[in-house]
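Let's walk through this fold together, starting with its sheet and ending with a pair of helices.

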Amino acid sequence: MAFVEIDNLQKTYEGGFKALKGVSLNIGQGEILALLGPNGAGKTTLISVLCGLVSPSGGQARIGGHDIVADYRAARRLVGLVPQEIALEPFTKVIDTVRFSRGLFGLKRDDAKIEQILKQLSLWDKRDNRTRQLSGGMKRRVLIAKALAHEPRVLFLDEPTAGVDVELRRDMWETVAKLKADGVTIILTTHYIEEAEAIADRIGVINKGALLLVEGKDALMERMGSKELRISLRAPVQAVPDRLATYDLALADDGATLVYTYDTKGEGTGITALLADLSQAGLKLADLKTTQSSLEDIFVGLTAEAPQEGAA
């Protein structure tokens with residue numbers, strides 16, 4: 001059952017700029033959706049509308065069955081947001097900042113819960129520090145703690161690990177895994193495509209305000225990916241032999257590696273025939289290695305193929 005339901009959501013800003021062009025999407029409880037797109041694609045606008053920070057121009061959305069406009073208080077209570085921008089009261093202690101966020105949602109004080117969150121994010125030893133004393137990475141941790149303080153059922157992460165250290169990134173994804181296990185729905189935007197590839201259940205690609213696709217990560221890579229076979233030769237060659245011209249072969253700069261690209265969706269790879277023809281051409285093999293195209297390759301291809309503004 002969908003926990004976040006988005007139906008033809010639109011946002012047009014003053015001046016006529018269309019930031020969202022009829023986005024429709026359902027996200028299940030406990031699902032991790034990674035939303036990928038270039039700068040200005042509409043990722044932050046979509047999150048801002050769902051979190052009640054920006055009013056939609058059209059369409060509907062529901063969180064936990066609550067309409068984000070008609071029943072915004074109930075919908076907002078279910079949501080935690082980690083924004084891109086670091087905006088914290090500089091002279092407030094870390095622990096008071098997180099406690100205050102919990103109180104904003106009308107929840108009773110729960111020191112044990114706050115302690116758990118701060119320890120989970122390696123902030124417990126900084127609990128009495130003023131936020132102005134913290135590094136940029138530690139401030140980012142405080143933002144995450146604030147978002148978790150009221151125990152949300154949907155967590156929006158808008159570029160949560162942009163420009164932070166590797167340790168925070170690791171802690172963040174460990175926290176995400178625990179939240180998913182507890183049934184929390186997580187929607188994240190990221191420029192670190194390898195992270196989306198590692199933790200997301202589904203991938204959404206958005207560009208110019210339009211959702212290009214939403215698909216299971218593994219299915220997407222299988223459907224749209226390609227593989228490369230890198231053939232290391234025992235001796236370099238000057239060019240690909242003419243008798244191998246029917247194959248999609250490229251000669252690497254070192255002259256000793258042939259690169260064969262084939263479609264994972266094809267009925268056959270053609271590798272068996274290729275290896276036989278390589279032998280017939282007098283080429284001796286030293287090693288073989290296959291690589292799968294990455295999510296980044298697929299993402300770049302999709303956004304490059306997206307229709308331009310005004311195109312049919």
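Which strands does helix 1 lie across? Helix 1 (residues 43-50) lies across strand 3 (32-36), strand 6, strand 7 (154-158), strand 8 (185-189) and strand 9, and runs at about 150° to strand 7. Angles run from 0 to 180 degrees between N-to-C directions, with axes fitted to C-alpha atoms, for helices over the stretch in contact. Helices (H or I, at least four residues) and strands (E, at least two) are DSSP runs numbered from the N terminus. Please keep in mind that this is a predicted model, where local features need pLDDT of at least 70, side-chain atom pairs count only at pLDDT 80 or more, and totals for chains, interfaces and linings use all residues. Residues are numbered from 1 along each chain as its sequence is written, and side-chain values use heavy atoms, leaving out hydrogens and water.

Now for the sheet itself. Its 6 strands form an open sheet in the order 6-7-8-3-9-10, with mixed pairing; two strands pair if DSSP finds at least two bridges between them. Strand 6 (79-82) and strand 10 (210-216) are the edges, each pairing on one side only. From one strand to the next, the twist averages 15°. Strand 9 (residues 202-207) pairs with strand 10 in the antiparallel sense over 6 bridges, and N207 has A210 of strand 10 as its bridge partner.

Finally, look at helix 5 (residues 136-148) and helix 6 (residues 166-181), whose axes come within 10 Å and cross at roughly 10°. That makes helix 5 roughly parallel to helix 6 (angles under 35 degrees count as such). Residues in contact (heavy atoms within 4.5 Å) include R140 and I144 of helix 5 and D171 and M172 of helix 6.

How values were computed
Angles under 35 degrees count as roughly parallel, over 145 as roughly antiparallel, 65 to 115 as roughly perpendicular and the rest as oblique.
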